[in-house]
Amino acid sequence: MSHVFPRHTKASLPTAVAGYGCYLIDADGKRYFDGSGGAAVSCLGHSDADVIKAVQEQVGKLAFAHTGFLTSEPAEELADLLVANAPGDIDRVYFVSGGSEATEAAIKLARQYHLERGEPQRRHIIARKQSYHGNTLGALAAGGNEWRRTQFAPLLIGISHISPCYEYTGRGDGESSYDYGQRVANELEAEILRLGPDSVMAFMAEPVVGATSGAVPAVEGYFKRIREICDQYGVLLILDEVMCGMGRTGHLFACEADGVAPDILCVAKGLGAGYQPIGAMLCTRQIYEAIEHGSGFFQHGHTYIGHPVATAAGLAVVKAMLERGLVQRCAEMGEKLQAALEERFGQHPNVGDIRGRGLFRGVELVADRATKQPFDPALGLAGRIKKAAFQAGLICYPMAGTRDGRNGDHILLAPPFIITEEQITEVVDKLETAIAQCL
Ligand code: PLP
């Protein structure tokens with residue numbers, strides 16, 4: 001009997017024993033195509049020789065040095081590389097062990113920044129419905145997914161949630177995409193004014209919404225308007241690119257496509273590509289200097305921040321992406337994946353929308369294409385598709401829709417950037433089999 005405490009206590013899971021390229025192998029020798037990269041983690045595939053070598057060399061040289069006493073070469077080099085390629089005035093990198101730690105640190109940094117500048121009244125955060133920012137209590141409070149939040153609601157700090165930018169069901173009849181984006185962006189201003197214009201510390205959003213919505217980018221102009229509003233009211237813009245960052249959308253940082261730069265940027269998943277648990281919170285020089293010229297101490301930290309082996313893995317991953325042109329490849333293969341999905345499911349009576357950027361694509365399932373009516377959540381469609389796809393040898397990431405019917409069940413695909421055209425066909429074939437079995 002296993003003593004591992006799994007997430008799903010009623011499921012009995014096969015044991016993964018190996019991974020190569022885009023595939024995972026279980027103890028019975030069954031092969032699974034990693035069509036969601038775990039959860040948008042495996043951007044390089046599972047057996048990248050350069051990353052394996054970098055990890056092995058680093059662990060042999062220096063496994064750990066506490067950052068309260070020492071910095072390390074890979075942490076310094078990775079920070080330089082990220083900053084050299086980051087948008088706007090991003091200047092400093094705070095390394096953590098994963099996505100929730102990154103967003104949690106971002107919330108605390110935003111608060112401390114305003115305190116250091118003599119604005120203690122800035123204590124509100126605004127985020128969006130249909131979002132996910134992690135599972136620790138601060139990050140969970142920022143997320144707008146009711147299913148994940150409900151049972152912990154009494155423990156969560158009060159964060160307001162405005163509408164997401166979710167064109168598929170949000171845009172009104174006769175309303176242009178641009179006008180829709182401006183309308184929902186303006187909800188931020190209304191919420192800032194409602195809370196008190198000098199009492200809001202930050203707005204947090206995913207540039208392309210992942211786990212809760214299925215690869216939904218904002219419409220043209222939305223994030224530019226958000227940036228304007230944040231600047232007008234002295235509110236920090238925190239972009240959570242834990243899922244959509246690190247090349248996943250065909251840009252190293254997803255916000256590049258929206259033409260905006262944040263004050264604080266969170267990445268994780270693809271940064272370590274699964275070879276090590278690592279995330280990072282990046283911030284502008286202005287924010288860093290507020291701390292440096294103020295108390296001189298960011299009052300937050302975990303034992304494993306800046307871990308030498310994790311940063312060595314991250315360094316090898318980012319170098320691989322840049323030196324092998326993998327971000328560009330992700331953009332190109334992403335277009336091919338979109339085309340293949342449209343060809344196969346574009347006329348499917350229960351596929352309402354196919355969207356995304358790069359190798360970050362979502363397929364939304366609906367009971368009725370004309371009305372966009374989602375399936376009854378009681379059918380558990382997403383869970384059944386996940387199981388059927390797994391049986392067919394495909395790992396994908398189906399999620400149930402929000403219970404209020406704002407969005408329906410959807411399937412997220414986020415394969416490794418090394419995926420080939422034949423493998424795109426393999427993914428689409430297996431997905432088709434799984435969907436057909438469940439509808
Ligand atoms: N933020 C976003 C956008 C995510 O998608 C996730 C995880 O799915 C997180 C934060 C939390 O990351 P982690 O699971 O590494 O803590």
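Start by selecting Ile126 and Phe203: Phe203, in strand S7, is the bridge partner of Ile126. Strand S5 (residues 124-128) and strand S7 (residues 200-205) pair in the parallel sense over three bridges. Two strands pair if DSSP finds at least two bridges between them. Strands are DSSP runs of E with at least two residues, helices are runs of H or I with at least four, and both are numbered from the N terminus.

Some notes on the model. It is predicted, and local features need pLDDT of at least 70, side-chain atom pairs count only at pLDDT 80 or more, and totals for chains, interfaces and linings use all residues. Residues are numbered from 1 along each chain as its sequence is written.

**The seven-stranded sheet**

Now select the strands S4, S12, S11, S10, S7, S5 and S6. In that order they form an open sheet of seven strands with mixed pairing. Which strands stand at the edges? They are S4 (90-96) and S6 (160-162); each has a single partner strand, so one side of each is left without a neighbour in the sheet. From one strand to the next the twist averages 20 degrees. Angles here run from 0 to 180 degrees between N-to-C directions, and axes are lines fitted to C-alpha atoms, for helices over the stretch in contact.

**Helix H4 on the sheet**

Add helix H4, residues 99-116. H4 lies across S4, S5, S7, S10 (236-240), S11 (264-267) and S12 (279-284), and runs at about 25 degrees to S12. Helix H9 (residues 222-233) also packs on the sheet, where H9 touches S7 and S10, and its direction makes about 145 degrees with that of S10. Contact between two residues means that their C-beta atoms, placed from the backbone, lie within 7 Å.

**The ligand**

Select the ligand and the 16 residues around it; Gly98, Gly99, Ser100, Gly134 and Val242 come nearest. A residue counts as near a molecule or strand if its C-beta atom, placed from the backbone, lies within 6 Å of it. Which helix gives the most to this shell? Helix H4 does, with three residues. By class, the shell has six nonpolar, eight polar and two charged residues. Ala, Val, Leu, Ile, Met, Phe, Trp, Tyr, Cys and Pro count as nonpolar, Asp, Glu, Lys and Arg as charged, and the others, Gly among them, as polar.

**H4 and H10**

Keep H4 and add helix H10 (residues 285-292): the two axes come within 9 Å and cross at roughly 60 degrees. That makes H4 oblique to H10. Angles under 35 degrees count as roughly parallel, over 145 as roughly antiparallel, 65 to 115 as roughly perpendicular, and the rest as oblique. To see the contact, show Leu109, Gln112, Tyr113 and Glu116 in H4, which meet Ile287, Ala290 and Ile291 in H10. These contact residues divide into five nonpolar, one polar and one charged.

**Helices around H14**

Move to helix H13 (residues 381-391) and helix H14 (residues 421-438), whose axes come within 8 Å and cross at roughly 130 degrees. H13 and H14 are therefore oblique to each other. On the H13 side, select Leu381, Arg384, Ile385, Ala388 and Ala389; they meet Lys430, Leu431, Ala434, Ile435, Gln437 and Cys438 in H14. In this contact, eight residues are nonpolar, one is polar and two are charged.

Next add helix H12 (residues 326-345), whose axis comes within 10 Å of that of H14 and crosses it at roughly 35 degrees. Lys336, Leu337, Ala340, Leu341 and Arg344 in H12 meet Glu421, Ile424, Thr425, Val428 and Glu432 in H14. Five of the contact residues are nonpolar, one is polar and four are charged.

**The four-stranded sheet**

Finish with the open sheet of four strands in the order S1-S2-S3-S15, where pairing is mixed. S1 (16-20) and S15 (394-395) are the edge strands. S2 (residues 23-26) and S3 (residues 31-34) pair in the antiparallel sense over three bridges. Select Ile25 to find its bridge partner in S3, Arg31.
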